[in-house]
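Biologist: I'm new to this one. Could you walk me through how to read its features?

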Amino acid sequence: MTTKTLTPEHLLNWHSIGPDGTAGPDGMDGAAGPDGKKAWNWCLRRALAYGGHRIPSNTTSASDKKIALVFFNDSLRTRASMELAAFQLGAYPLVVTPGSGTWGFAWNDEPMVGGEAEHIREAIGVLSRYSDALGVRLFASGTDLEMDRNESRFSAIMKASSVPVINLESAFWHPCQALADAAVITSHMAGETQERKFVLTWAPHPKALPTAVPNSTLLMAVRLGMHVTVARPDGFDLDETVMHAATAEAVKSGGSVSVTNDQAGACESADVVYAKSWGGLGRYENPEEEADERRSHASWCVDESLMSHTNDAVFMHCLPVRRGVVVTDSVLDGPGSLHLDQAEYRVHAQKAILEWTWGLAESEPEAADVHKTSEMNG
Ligand code: CP
């Protein structure tokens, strides 16, 4: 094992599946630096090795480490898988759920005359002193697109932290999910992801959900060299900065990106159908305005008829998923659904991320572990 010097580098852009793999899309550069792509490749291989049981699940390599997991929003998979990942490396996971047994946190620079007793700067500063990394879940505001695009609140946390911050889903990105999904796809296709057809389809939902998962999913699939089609009703485009980043990534990976409002057409000969709901960015400030429109697209629910257009595609969803709204029971319960594999791989992927973060990474995972991933993405 080689040990890297730990620096207080922050991992917001760890999801860094941006234009050249070294930084995120416009406005989000810098955090991961030149290690972004290297980290991605190493962690993907490592996750595959854990998932394939080619290395032991449990180690004590991080027995002197603590990670504070700060959940500003609800979670099942991310919380459970991060706790388990830390446990399996011998580290201690310290879970904090702001708003549930903590002081209320203030965020702005105004005198704190309101109900909040503690500023986010002290809260994060203290947790930094108690731990060797932070994992933070902090969703989009859902009403201020510029703030969400710039990751303003997540950036405030990174600034206040003296230890690495792992993104457990921020306003625009869900890198841990993307890494886990990349490993699932790579494993399922035995490394042969290049030029396969991937459909990211919008799906109905009663709420205008954030775009963190579809943003990260799009960039992940393009990075694997796949031909990606975003199928969505008119008015539900992803952010132009993300589309720009995906297009630039495709030039490097040999993949491609296209957009359509023809869901069935997009699924012709598809190898992967990845469903996700998201709210339209055009009415970001007033998401309730589009509720009727979302309801009018109920036929976008992924069913067997849609899947019959595909090349015997697998179905993917990050979960939680609304049965009978996003996807039918028969598709989700069918043999081609990888949703539970995706959840399992969250543990494998996040163990890899923690090892990388803490400088516990072996220099190279065994080549045999990765099928053809060693040739992927440089
Ligand atoms: N996919 C995912 O992040 O699940 P949770 O929201 O339950 O953590």
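Modeller: Let's begin with a sheet. Here an open sheet of four strands has parallel pairing and the order β2-β1-β5-β6. Two strands pair if DSSP finds at least two bridges between them. Helices (H or I, at least four residues) and strands (E, at least two) are DSSP runs, numbered from the N terminus.

Biologist: Why do β2 and β6 each have one side without a neighbour in the sheet?

Modeller: Both β2 and β6 (165-167) stand at the edges with a single partner strand each, so one side of each is left without a neighbour there. On average, neighbouring strands of this sheet are turned by 25 degrees against each other, direction ignored. For such angles, axes are lines fitted to C-alpha atoms, for helices over the stretch in contact, and the angles run from 0 to 180 degrees between N-to-C directions.

Biologist: Before we go on, what should I know about the model and its numbering?

Modeller: It is a predicted model: local features need pLDDT of at least 70, side-chain atom pairs count only at pLDDT 80 or more, and totals for chains, interfaces and linings use all residues. Residues are numbered from 1 along each chain as its sequence is written.

Biologist: How many bridges pair β1 with β2?

Modeller: Five bridges pair β1 (residues 66-71) with β2 (residues 92-96), in the parallel sense. The β-α-β crossover from β1 through helix α2 (residues 77-88) to β2 is right-handed. That term means that, with the strands pointing away from the viewer, the path from the first strand over the helix to the second runs clockwise. As for single bridges, Val70 has Val96 of β2 as its partner, and Ile67 has Pro93 of β2. Helix α2 packs on the sheet, touching β1, β2 and β5 (133-137), and its direction makes about 155 degrees with that of β2. Contact here asks for C-beta atoms, placed from the backbone, within 7 Å.

Biologist: What is the strand order in the open sheet of five strands?

Modeller: That order is β9-β8-β7-β10-β11, with parallel pairing. The edges are β9 (256-260) and β11 (314-316); each has a single partner strand, so one side of each is left without a neighbour in the sheet. Its neighbouring strands are turned by 20 degrees against each other on average, direction ignored.

Biologist: Which residues are around the ligand?

Modeller: A residue is near a molecule if its C-beta atom, placed from the backbone, lies within 6 Å of it. Around the ligand are Ser75, Leu76, Arg77, Thr78, Glu169, Gln177, Cys318, Leu319 and Pro320.

Biologist: How do I read an unusual peptide bond or phi?

Modeller: Most peptide bonds are trans, and most residues other than glycine have a negative phi. Leu319 and Pro320 are joined by a cis peptide bond, with omega about 0 degrees. Pro320 sits in the loop between β11 and α12 (329-332). Asp312, in the loop between α11 (304-307) and β11, has a positive phi, near 55 degrees.

Key:
Contact = placed C-beta atoms within 7 Å.
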